[in-house]
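Got the viewer open? Let's take a short walk through this model, one selection at a time.

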Amino acid sequence: MESDMNRPDPARPRCKWAQADAMMMTYHDEEWGVPVHDSRQLWEMLVLESFQAGLSWRTILRRREGFRRAFMGFDPDRVARFAEADINRLMADPGIIRARAKIVAAIGNARAYVAMRAAGEDFATFAWGLLPGGQAVHEPALAVQAASPLSQAMAAALKARGFRFVGPVTAYAWMQAAGMIHDHEAGCFRHAGAGA
């Protein structure tokens, strides 16, 4: 028997992807698409999105606390200092996705983040600065997409600064999650208020 918590609520219609279970509903209702302007939080979200590549977001959400613990509270300064012993530790950690290429990329991305800051470039200012008018809007009624010219430009700009595992699809998902792209479906209760 389906739990009431996992049943779509006609009084509060959500994006189709967010109707699977309570965890996804809560993430959708409280986090996804809310504009994030904090550099460290944006970096954390980018790390999680890069681990999500090829997997479901539900898989990442279920392990988010494990990632937070394994990556020292997503402190880029600490992660940038990780060495081979840390890679081996993370490869043995069942609380995260144990994909060596993604782990190595996350460490490299911490180093890229720290290098940007050392060069006087704020990560949030950089990311939002790539958006025309500071907010991109996608009209979901027209088409569901996994990448866009804007996410291609974002991925290229990230790669130019040394970030890895951040192709146009990952960049698009990150930009959606961080509220840079408004992709709540037209019938979703958050559609009108997203991007505020």
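Start with a cartoon of the whole chain: this predicted model has 10 helices and two strands. Colour it from the N terminus on and you'll read the elements off as α-α-α-α-α-α-α-α-β-α-α-β.

Still on the whole chain, switch on the surface. About 9300 Å² of the chain is accessible, and 56% of that belongs to carbon and sulfur atoms. Of the 196 residues, 47% count as buried. If you draw contacts between residues at least 6 apart in sequence, 65% of them join residues at least 24 apart.

**Stop one: the annotated site**

Now select Cys15, His28, His184 and Cys188, which an unreviewed UniProt entry lists under "binding site". They span 174 residues in sequence, but no two of their C-alpha atoms are more than 10.2 Å apart, so they gather at one spot.

Zoom in on His28, which you'll find in helix H1, residues 22-30. Is it buried or exposed? His28 has 0% relative accessibility, so it counts as buried. What does His28 touch, once you skip residues up to four places away in sequence? Show Cys15, His184 and Cys188 for the partners that share its annotation. Then add Arg14, Trp17, Ala18, Phe189 and Arg190, which His28 touches as well.

Next, click on Cys188. Look for it in the segment after strand E2 (181-182). Cys188 is buried too, because its relative accessibility is 5% and the cut-off for buried is under 20%. Leaving out neighbours within four places in sequence, Cys188 is in contact with Pro13, Arg14, Cys15 and His28. Keep Arg14 and Cys15 on screen for a moment: both are on the contact list of His28 and on that of Cys188.

**Stop two: a pocket**

Clear the selection and pick Tyr27, Glu31, Gln41, Met45 and Arg64. Of the 13 residues lining the second largest pocket, these lie nearest its centre. Helix H2 (39-52) and helix H4 (64-70) are the elements that give two or more residues to this lining. Which of the elements gives the most? That's H2, with five residues.

How much space is in there? The second largest pocket holds about 190 Å³. Rolling a probe the size of a water molecule over the atoms shows where empty space is left. To finish, colour the lining by class: you should get seven nonpolar, one polar and five charged residues.

Methods. Residues numbered from 1 in each chain as written. Predicted model: local features only at pLDDT ≥ 70, side-chain atom pairs only at ≥ 80, totals over all residues. Heavy atoms only, no water. UniProt positions renumbered as here; feature names shortened; annotations may be inferred. Helix = DSSP H or I, 4+ residues; strand = E, 2+ residues; numbered from the N terminus. Buried < 20%, exposed > 50% of the residue type's maximum accessible area, 1.4 Å probe, protein only. Contact = heavy atoms within 4.5 Å. 1 Å grid on protein atoms, 1.4 Å probe; cavity = no way out; pocket = protein on both sides within 12 Å on 5 of 7 lines; lining within 4 Å. Points joined across faces, edges and corners; volume = space filled by probe spheres on them. Nonpolar A, V, L, I, M, F, W, Y, C, P; charged D, E, K, R; others polar. Areas by Shrake-Rupley, 256 points an atom, 1.4 Å probe, with all protein chains shown as cover.
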